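Subject: Handing over the structure

Dear colleague,

I am passing this structure on to you, with the sequence and the coordinates placed just below. After them come my notes, which start with one chain and then move through the contacts between chains, the helix pairs and a sheet.

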Amino acid sequence: MELMIFAGAALVKIAMVMIVVLLTVAFLTLAERKVLSWMQDRMGPMEVGPYGILQPIADGLKLFFKEDIIPSGANWLLFSLAPILSVVPALIGFAVIPYGPNQEMEIFGVTIKPFVITDINIGILYILAFASIGAYGIILGGWASNNKYSLLGGLRAAAQVISYELNIGLAIIGVIILSGSLSMVKIAEGQAGGFWHWYLFGGLQIVGFVVYVISAVAETNRLPFDLAEAESELVAGWMTEYSGMRFAFFFMAEYANMILVSCIAAVLFLGGYQSPFPHYIIEYLGFPGMKWVEAVVWFTVKVYFFLFLFFWIRATLPRLRYDQLMRFGWKVLLPLALANVLITSIVVYFVRQP
Amino acid sequence: METVAFFYFAAVIVLTAVLVVAFRNPIYSVIALLVMFFHVAGLFVTLHAEFLAAVQIVVYAGAILVLYLFVVMLLNLKQDDSYQRQVGWGIGLGIVGLAEMIYLVLSAQVGNSPAIGTAALQASASPKVAAIVTRGNTEAIGYMLYTKYLFPFEVASLILLVAMIGAILLAKKGVLGMKEP
Amino acid sequence: MHTLLAKLKDRFPDAVLAVREEGPYKDLVAQVKAPAVPDIARFLRDDGEMSFDMLSDICSVDYPEDEDRFEVIYLLKSLPHNHRLRMKARLPEDAPVIPTVTPIWRGANFLEREVYDMMGIRFEGHPDLRRILMPEDYEEGFPLRKDFPVEGKGWRTTFPFLPKLDEPAVASSAEEVPAEQQRPFLIESETESNGDKPVRRQEELLLNMGPQHPATHGVLRVVLELEGERIVKATPDLGYLHRGVEKLSEALTYQQIIPHTDRLDYVCSMLNNYAFVRAVEKLLELTIPPRAEYIRTTVAEMQRIIGHLFWLGTQALDIGAMTVFFWTFREREVLLDMFEKLCGARLTLNYYRVGGVDSDFTPDLVQKMQAFLDTFPAHIAEYDELLRTNRIWLSRTKNVAVLSAPDAINFGATGPVLRGSGVAYDVRKAEPYGAYDKVEWEVPVGKNGDTYDRYWVRMEEMKQSSRIIRQCLQQLPEGPIIADAPQIVPPPKANVMRDMQSHIHHFIIFTLGFKTPKGETYCASEGAKGELGFFIVSDGGARPYRMKIRAPSFVHLGVFDHMARGYLIADVVTIFGTYDVVMGEVDR
């Protein structure tokens with residue numbers, strides 16, 4: 001009975017998170033187009049619904065009803081497998097993101113944490129592990145399409161993802177040293193009490209933060225690191241031969257990844273759901289029981305700040321070249337991240353010395 | 001429950017390991033290897049070694065195998081038939097391996113050796129396992145690596161360093177060689 | 001006689017058959033023997049007094065009645081001395097072979113291929129003599145010969161290489177061509193593949209870029225040989241937009257050709273109109289009223305701004321900076337609205353007329369232009385700020401696709417491509433026309449010849465253009481906007497419907513056209529892409545006997561392989577962008 005309630009609660013949480021994430025993905029496409037349009041002096045989508053608000057639904061319907069094309073020279077098994085391999089790792093990472101305070105709640109005698117699907121003690125490693133699997137979707141999709149542009153896109157993606165994953169891993173080590181835990185919940189909890197306790201400021205993880213944000217943009221294949229799909233060079237890179245729902249899967253994976261890395265950035269460096277002040281505003285207003293609402297709002301605001309950053313960067317920067325990307329990753333970001341790890345561990349060692 | 005999981009993971013590992021060498025298309029082999037790595041990670045999870053499981057996926061599936069795939073795609077290997085010509089060797093080695101397995105299973109049952117079976121392992125090392133579970137296995141692994149196994153750890157690091165320098169040297173030589181007329 | 005011609009005649013008494021100064025503008029012409037062309041060409045290029053370092057164009061004319069049927073005309077330009085020369089050689093019908101000048105001017109490669117493609121004249125020793133604009137397996141003959149009908153040979157859909165619409169679709173294209181007939185795109189000419197060295201190594205990847213590709217600016221196709229992502233060889237394949245404008249114009253009167261020139265460089269069509277009407281006016285010795293000259297200069301510079309804005313947007317988009325694209329299109333829109341007010345069209349404007357322009361500026365339009373000029377420098381600064389202060393942009397453009405000044409001249413590059421390499425050659429300054437010599441402006445010149453310098457040159461040119469427009473609007477004189485030449489210029493539209501004589505006059509000019517004096521002329525103008533030249537051979541009729549368009553983009557694509565080698569795939573799109581190629585002009 002207990003197990004069933006536990007499983008039921010977990011399923012409810014998974015369903016909630018998936019619905020929120022997928023809705024965010026859908027409206028993120030609209031948000032991106034709108035933000036870009038405003039930055040570029042134009043209107044963006046305006047036709048479907050008021051201010052084009054229903055555009056994502058129209059897009060989704062269109063992709064859903066498109067003819068499903070598998071090129072004649074393609075390897076159909078891998079060609080169909082690749083979008084799934086892309087989208088699953090992108091969605092699976094949300095299992096360990098704490099999007100609200102680490103409260104416990106009792107339902108029929110079972111204690112559950114309502115604001116995180118599961119709090120495993122290697123949370124951040126778990127996300128990294130599955131993020132690294134996402135590269136397979138790109139590489140296999142590129143190879144299976146039997147198209148030279150796709151192949152080149154796949155190869156670029158492979159090299160890029162490996163290089164920048166390393167930087168992501170190293171950039172967050174500073175935070176892990178500070179928090180002494182790999183659990184996302186514990187990391188978020190450790191930053192309570194105002195923005196000067198956030199690891200970005202309090203832990204002086206500015207270098208780590210910058211390296212992480214740059215690498216995260218590269219990891220999600222967004223401009224200026226979108227070399228794998230570089231529409232002016234490789235047509236659409238590994239997605240060139242994809243259409244319909246398979247293409248939609250890749251698209252969803254890209255946006256879900258964006259949300260995921262934004263969530264990680266928010267949790268690791270900006271305190272996750274923590275308020276930037278020592279107390280929650282809503283407590284002063286006299287509703288201490290409603291604290292979690294404000295916490296979720298803070299988390300959302302932080303995540304959307306990063307998402308906006310993604311759009312902003314896309315509107316501003318041109319694309320890097322492949323060799324410049326590699327040189328930047330290996331010769332600039334990697335030494336920076338290593339130095340950050342070294343300095344943080346030394347400082348932490350001396351500060352924590354009893 | 002745990003036994004079921006163990007046998008599922010073990011069976012899939014054996015099957016995919018065979019498939020890795022049996023597939024004629026190197027890309028399929030890489031996919032089979034990927035599935036295998038995942039199931040090895042699953043085995044680690046059943047042993048409460050989540051850290052190892054995650055690292056297994058990050059390092060092997062996420063980095064090394066991607067590199068394999070990269071190389072396979074770059075070289076654009078044709079389908080290789082050499083495996084089919086080594087059937088004789090394969091059968092011979094298979095018989096030896098089978099014999100070893102039968103011998104081990106028999107001796108385990110006869111001598112009730114604790115080396116076989118997860119239950120036996122857990123029974124023999126249960127205080128340690130409990131300690132690991134309470135302390136968090138990441139910390140336990142770090143602790144073990146830097147105390148008891150410090151020397152092997154450093155040796156392993158040194159070997160990796162040598163390999164890395166060697167790889168750089170080899171690659172560099174190739175680049176320089178290409179520039180010569 | 002001109003000293004240069006005398007010197008040439010002295011140096012090659014046998015090979016130079018005749019020298020003369022032709023026409024009212026004293027164009028230098030030398031008639032030479034075909035086999036001696038390379039020797040004379042080398043002398044013309046290397047001699048200090050001659051130094052014809054640039055080959056503008058190679059043209060060919062077919063005279064079926066003459067004993068030596070074909071004439072090959074080399075249009076030479078000397079940048080140091082700023083003079084031009086036409087070198088002509090006659091070839092018999094049964095052996096249309098002439099030695100190549102590719103070793104002397106490397107830019108001759110594409111030009112000679114075009115002559116071969118269009119006229120069937122073979123160039124001995126040419127490294128890669130293939131069809132360039134027509135399909136490689138085109139077997140209908142040579143289109144610009146006079147015995148090739150203007151309307152084409154037969155109904156178009158009977159060509160075997162065209163897919164037929166009423167036939168069922170082919171399920172798989174692999175079986176369509178038998179294996180022994182399948183041949184890859186001819187990367188190396190056959191002569192290079194002999195010997196035991198394999199032509200293409202195993203590791204090299206052949207990538208076909210275009211004609212359906214988002215970054216090729218139309219229907220350009222480039223076949224890249226890659227080693228990893230590095231380009232070993234790049235072969236442009238042109239002709240997907242070939243319309244045969246030169247052939248068509250042989251059947252049209254001069255006024256009817258003007259709309260066709262719109263379609264050359266369709267981004268800034270007025271500059272083509274301008275170049276063409278100038279060539280015709282040169283042939284006719286027509287003088288243009290000053291107001292018309294000022295109006296022409298003004299709108300030409302507006303078009304240049306449009307062309308450069310378009311280039312800036314697309315180049316930035318190719319490199320990945322999408323915002324600049326929309327910003328430049330915002331300004332382009334303002335200018336297009338003005339053109340709509342001026343002549344009713346936005347893209348293919350057809351505004352210039354032989355003798356003047358079509359319609360006059362209204363005060364409202366002048367005011368709009370002034371308002372535009374007031375805000376435009378701030379907008380340029382805005383683009384510049386977004387790009388020039390961006391390290392990614394700098395690293396993507398600096399030291400990419402470097403073209404040295406001697407190479408640029410030797411390949412015949414003109415316009416911003418040449419000026420980016422540090423050569424201050426601008427037709428508007430070198431051979432002033434319109435009102436360019438009456439206003440103050442400068443020719444911006446780059447230093448290194450890389451993509452960034454060409455970017456800088458074009459940005460500066462936009463500023464100079466707005467300077468020119470401002471001065472033109474200030475100095476704009478009163479007066480007629482079209483020349484008073486009843487033989488050529490039709491009567492005002494208002495009179496045509498009222499006055500019988502005007503009606504007849506109008507009818508005659510628009511049905512018969514106007515006659516031009518017999519002769520030939522080459523007239524170069526500065527297009528947005530480079531030197532846009534029209535070479536017109538007139539037999540005294542109302543239609544050109546032969547019209548050759550010197551398209552700068554076409555010449556620039558001849559440099560493509562030279563510029564792309566050793567760079568990465570990502571740089572290919574940068575190079576496309578930095579030429580500012582417009583395929584309508586390349587394929588003609």
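Of the 181 residues of chain B, 18% count as buried. Please keep in mind throughout that this is a predicted model, and that what follows has been computed from it.

To stay with chain B for a moment, its secondary structure consists of nine helices and zero strands, so that is what "α-α-α-α-α-α-α-α-α" records when the elements are read from the N terminus on. If one takes the contacts in chain B between residues at least 6 apart in sequence, 51% of them join residues at least 24 apart.

Chain B also touches chain A, in a contact that takes 22 residues from chain A and 18 residues from chain B. On the side of chain A, the elements that give two or more residues are α4 (123-144) and α5 (148-179) of chain A, and α4(A) gives the most, with 10 residues. Sorted by class, this side of chain A has 18 nonpolar, three polar and one charged residues.

Chain A meets chain C as well, and here 22 residues of chain A are in contact with 26 residues of chain C. Two elements of chain A, α10 and α11 (322-351), each supply at least two residues of the side that touches chain C, and α11(A) gives the most to that side, with three residues. The classes on this side of chain A are nine nonpolar, five polar and eight charged residues.

One residue of chain C may help you to find your way around this region. C:Thr323 lies in helix α8 (residues 322-343) of chain C, and the question to ask of it is whether C:Thr323 is buried or exposed. It has 21 other C-beta atoms within 10 Å, and C:Thr323 is therefore buried, since the cut-off for that class is 20 or more. Leaving aside its neighbours within four places in sequence, C:Thr323 is in contact with A:Met39, A:Gln40, A:Ala315, A:Thr316 and C:Leu386. With regard to the last of these, C:Thr323 and C:Leu386 are 63 residues apart in sequence, while their C-alpha atoms are 9.1 Å apart in space.

Within chain A, two helix pairs involve helix α8 (residues 244-269) of chain A, and I describe them in turn. The axes of helix α3 (residues 76-92) of chain A and α8(A) come within 8 Å and cross at roughly 25°. Angles under 35 degrees count as roughly parallel, and α3(A) and α8(A) are therefore roughly parallel to each other. The crossing in which α3(A) passes α8(A) is left-handed. From α3(A), the residues that take part are A:Pro83, A:Ile84, A:Ser86, A:Val87, A:Ala90 and A:Leu91, and they meet a set in α8(A) that includes A:Phe249, A:Phe250, A:Met252 and A:Leu260. The residues of this contact divide into 11 nonpolar, two polar and one charged.

The other pair is formed by α8(A) and helix α10 (residues 291-316) of chain A, whose axes come within 8 Å and cross at roughly 125°, which makes α8(A) oblique to α10(A). This crossing is right-handed. The contact is made by A:Met258, A:Ile259, A:Ser262, A:Cys263, A:Ala265 and A:Ala266 of α8(A), together with residues of α10(A) that include A:Phe299, A:Lys302, A:Phe306 and A:Phe310. By class, the contact of α8(A) with α10(A) has 10 nonpolar, one polar and one charged residues.

Finally, chain C contains an open sheet of five strands, with the order β1-β2-β5-β4-β3 and mixed pairing. Its edge strands are β1 (16-22) and β3 (54-62) of chain C, each of which pairs on one side only, and the twist from one strand to the next averages 20°. Within the sheet, strand β2 (residues 27-32) and strand β5 (residues 83-91) of chain C run parallel and are joined by five bridges, and C:Val29 stands opposite C:Arg86 in β5(C). Helix α1 (residues 3-11) of chain C packs on the sheet, where it touches β1 and β2 of chain C, and its direction makes about 175° with that of β1(C).

With kind regards

Notes. Residues are numbered from 1 along each chain as its sequence is written. Chains are lettered from A and ligands numbered from 1 in the order in which they are written. This is a predicted model: local features need pLDDT of at least 70, side-chain atom pairs count only at pLDDT 80 or more; totals for chains, interfaces and linings use all residues. Axes are lines fitted to C-alpha atoms, for helices over the stretch in contact, and angles run from 0 to 180 degrees between N-to-C directions. Helices (H or I, at least four residues) and strands (E, at least two) are DSSP runs, numbered from the N terminus. Angles under 35 degrees count as roughly parallel, over 145 as roughly antiparallel, 65 to 115 as roughly perpendicular and the rest as oblique. A crossing is left-handed if the near helix is turned anticlockwise from the far one by less than a right angle, and right-handed if clockwise. Two residues are in contact if their C-beta atoms, placed from the backbone, lie within 7 Å. Ala, Val, Leu, Ile, Met, Phe, Trp, Tyr, Cys and Pro count as nonpolar, Asp, Glu, Lys and Arg as charged, and the others, Gly among them, as polar. Two strands pair if DSSP finds at least two bridges between them. A residue is buried if 20 or more other C-beta atoms lie within 10 Å of its own, exposed if 12 or fewer, and partly exposed in between; C-beta atoms are placed from the backbone.
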